[in-house]
Amino acid sequence: MSQPTFAQIWSEKVRSIRQSDFWSTVSQPDGTPLVRPTVVPSVDQIMVDDGWGIAVEGDASHDGPARNGVADLRYFLERRMGLRMGEVSSTQRTIRFILRSKGSAEVDRWHATFDLSASDRGITIRSDTEDGLLRASIYLSNYWSLVGNPCLQRGRRRVKPLCSLHIASDLWGGFSTTQAWIHGREEDVNFLELARMGVNAVPIMTLLEDYLVPDPQGPFRSLTNPEAQENLKRLGRLARQAARFGIRIILMGYNPKLPPGHEVFESCPGARGAIQSNGAFRTLCTSDPETRAFLAESWRAIFDEIPELGGILSITGGEGFYHCFMRSRNQASDCPRCGGRIPSVTVAELINDVARTLHERHPETVVVTWPYSAGHWSRDRDQEAFIEALDPAHVIFQSEVDKDSVDWRAAGYAKNIWDYSLSRTTPSPRVQRQRSKCRTAGLRFSVKLEINNSIECLNVPYLPVLENQKAIWENARRLKPYAIHSRWLFDGGCKSPSEELGYWLIWGRGTEFGDPVRTLDAIARRDFGDVGPVVRKAWGRFSDAMRHHPNLDYYVGSYFIGAGQPLCLEPNPEDLDDVFYGVFYWQWEITASDDETALTKRKPLFYDRPGFKAVARRGPNTGHDVALEELQEMARLWEQGVRMLERASSTISEQHRGRFRMEFVLAQHLAFTWRSAANVEEFLRLRDIIREHSGQSWVRQGHCRENLRDLNRLTELAESELQIARKDLELVRDVDYLDTSLRLDMGVASTQAMLTAKIAQVTDLLQVRLPEWRNKLES
């Protein structure tokens with residue numbers, strides 16, 4: 001029987017996601033009626049009541065952002081506030097949304113500022129753009145959901161966001177780090193749920209090769225894609241649909257990754273770029289003027305067909321917007337043009353040309369360049385030469401708030417923050433210096449955050465570490481950026497507390513929710529009622545726990561499969577269930593575009609050797625590896641937070657029970673994850689110690705007592721892991737937002753399947769394998 005193709009697997013995965021309960025949850029506005037406090041508005045307030053009308057005035061499109069936003073506000077007032085909205089009349093108080101005539105002046109499409117006035121006659125909102133009116137509708141419903149009543153202070157004010165551009169990944173279940181299309185996404189009407197959290201731009205992975213229609217007589221004719229026109233039509237439907245709800249699609253651009261012997265290098269020798277990724281593919285050389293112009297004009301051609309697109313996000317460091325230096329082992333020395341040039345200047349030349357070419361016809365688009373992990377080719381941690389070479393009139397520079405830094409801990413070790421972390425809560429020296437350099441250069445600055453989950457644990461929709469997330473959002477605000485990029489593509493939007501907190505840090509200036517402490521208090525009070533203060537304390541304990549996470553790693557062990565990790569009795573095991581192996585779709589990055597190996601090749605999801613190390617270099621622990629102690633402390637603190645929620649669970653009101661259950665299940669699952677992480681690490685370390693001292697018979701005999709003592713501890717750890725796996729299996733059964741098989745960046749078994757296999761594996765360990773090893777150690 002033949003194995004299913006990636007296309008078949010992908011289609012089934014997308015179908016399953018779009019039929020899941022969590023997809024439905026993230027795709028719809030919350031219709032749960034709010035518990036409205038019984039209050040009389042003060043003399044300086046007005047309150048919307050039964051019979052008020054809602055109207056849109058001005059030349060707003062029939063089914064565009066303004067009217068879609070107003071329809072959503074009506075739904076909120078009727079469903080969540082329980083009001084009966086009336087028809088509009090001259091004598092009735094009304095919420096009026098007025099689209100001002102632009103006249104001859106052009107208004108920036110990213111302009112979302114609006115004027116808000118409240119008086120006895122009603123509420124009036126004025127904006128120069130439909131997107132501004134949509135943002136005003138969301139602003140009112142978001143504000144009223146936190147205060148509990150549709151009240152506003154009398155008077156006039158101008159509402160302006162902290163930054164013009166808020167980029168974030170698609171909704172959970174939408175576009176991800178896998179380049180495949182999400183079938184049906186172009187017809188969805190749920191983009192407003194992204195706008196509800198303040199997002200106005202969503203990046204999707206875009207392979208230029210999918211859209212190329214070069215001159216049939218020209219040197220690049222061999223790059224023609226016969227499906228390009230259909231692909232353009234599909235992308236156009238997505239862009240237009242998203243724009244109706246205030247979301248612009250950003251192309252996260254991928255320049256061609258071609259087989260080394262592709263015929264284009266014969267027809268156009270100047271295009272022959274450097275070998276990449278240990279010989280896997282070759283890029284087009286951007287130092288060749290003809291090739292660089294071809295790339296710039298090809299990207300612009302997509303916008304010529306689809307003007308609704310928002311712009312280009314070009315990752316120029318280690319992936320995406322390929323050039324000769326990106327994954328070259330030798331600084332592009334095999335390229336006769338790039339090999340003798342300054343890398344940062346060469347790459348900036350490409351970005352500048354693409355941006356200028358695009359802006360000739362599409363001046364409202366944005367071009368964001370992001371040198372993620374560029375240090376390996378630029379030899380410049382802060383990318384100073386790159387910043388200096390960029391064109392400030394056309395390009396936005398982006399950098400991460402914490403990456404490429406070390407974070408010293410109380411236990412005396414420094415955690416290397418080489419990628420996204422929710423355990424570091426201060427900005428890196430690198431991003432502060434880059435912000436300063438951009439300010440000096442007059443270059444607009446975008447800061448990259450990760451505010452739902454992080455490399456420490458990718459198997460959940462969000463980590464409830466709100467104190468850490470608050471600090472990270474505040475770090476971003478202090479940088480005063482032009483743009484914020486708040487979530488990468490492995491982190492789908494789910495309207496989490498952290499996302500809502502970020503909304504108010506961007507939009508809350510002039511309200512009580514400009515204070516993030518008051519925002520979190522209000523979110524907890526609305527979502528959890530009288531036990532809101534307990535949940536706030538639990539969030540604080542979880543945040544403390546996360547600051548003890550000692551390392552970072554990708555998609556393995558507790559970082560990804562949590563308590564589902566097996567206990568390996570020897571390195572390189574060959575007898576484990578297939579569910580402990582997965583397909584790393586995102587590693588397609590290191591292959592040619594037409595090579596599907598990364599989309600089918602299975603690799604281990606588990607540690608078979610100790611995976612954590614944190615050697616203290618300061619304080620009383622100097623010289624000692626404290627990673628295991630840190631894992632144990634993290635588990636202990638997290639379990640304290642879970643017990644707080646457990647005690648509160650008996651008093652939660654019926655109104656708040658569903659939302660509380662989700663938070664409680666998530667917290668328990670993570671408690672099992674962290675305790676299992678500590679158990680597995682201790683198990684593997686002890687296993688290696690026993691193996692080291694039991695190879696030769698005379699060594700085994702001399703260490704018999706110690707080996708048996710450690711084997712007893714292995715047995716205790718295995719018994720603990722068996723109980724954890726059983727409890728976690730019962731907990732996550734049919735909980736789709738914790739189901740790893742529904743992730744779109746990986747091809748893995750379900751969480752239930754892994755935990756079931758873990759139970760069988762550890763049971764065999766306890767009943768057969770460990771007793772057999774005991775007999776050998778005693779012989």
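Trainee: Which residues lie nearest the centre of the largest pocket?
Mentor: Thr25, Asp30, Thr32, Lys495 and Arg659 do, out of 41 residues that line the largest pocket. This is a predicted model, in which local features need pLDDT of at least 70 and side-chain atom pairs need 80 or more, while totals for chains, interfaces and linings use all residues. Residues are numbered from 1 along each chain as its sequence is written, and side-chain values use heavy atoms, without hydrogens or water.

Trainee: What counts as a pocket?
Mentor: On a 1 Å grid over the protein atoms alone, a pocket is an open set of points with protein on both sides within 12 Å along at least five of seven lines, and lining residues have an atom within 4 Å of a point.

Trainee: What volume does the largest pocket have?
Mentor: About 1,100 Å³. A volume here is the space filled by probe spheres set on the grid points, which are joined across faces, edges and corners.

Trainee: Which elements supply at least two residues each to that largest pocket's lining?
Mentor: Look for α2 (21–27), α3 (65–80), α4, α14, α15 and α18 (657–692). Of these, α2 gives the most to the lining of the largest pocket, with five residues. Helices (H or I, at least four residues) and strands (E, at least two) are DSSP runs, numbered from the N terminus.

Trainee: And how many of the residues in that lining are charged?
Mentor: There are 14 charged residues in the lining of the largest pocket, alongside 15 nonpolar and 12 polar. Asp, Glu, Lys and Arg count as charged; Ala, Val, Leu, Ile, Met, Phe, Trp, Tyr, Cys and Pro as nonpolar; and the others, Gly among them, as polar.

Trainee: Okay, next one. What volume does the second largest pocket have?
Mentor: About 860 Å³. The second largest pocket is lined by 32 residues, and nearest its centre you'll find Gln179, Leu207, Asp210, Glu227 and Asn231.

Trainee: Which element gives the most to the lining of that second largest pocket?
Mentor: Strand β9 does, with four residues. At least two residues each come from α1 (6–18), β9 (201–207) and α6 (228–243). By class, the lining of the second largest pocket holds 14 nonpolar, 11 polar and seven charged residues.

Trainee: Switching to cavities: how many of 30 Å³ or more turn up in the whole structure?
Mentor: The search finds five. A cavity is a set of grid points where a 1.4 Å probe fits but cannot get out. The largest cavity holds about 280 Å³ of space.

Trainee: Which residues are closest to the centre of the largest cavity?
Mentor: Try selecting Trp172, Phe490, Gly492, Arg743 and Leu744, the closest of the 26 residues that line the largest cavity. Its whole lining divides into 12 nonpolar, eight polar and six charged residues.

Trainee: And where is the second largest cavity, I mean which residues lie nearest its centre?
Mentor: Ala112, Arg135, Ser164, Asn200 and Trp507 do, from a lining of 15 residues. The second largest cavity has a volume of about 130 Å³.

Trainee: Which elements each supply at least two residues of its lining?
Mentor: For the second largest cavity, they are α4 (130–147), β8 (165–167) and α14 (497–507). You've met α4 and α14 already, since each also supplies at least two residues to the lining of the largest pocket.

Trainee: Last one: how many nonpolar residues are in the lining of the second largest cavity?
Mentor: Seven, together with five polar and three charged residues.
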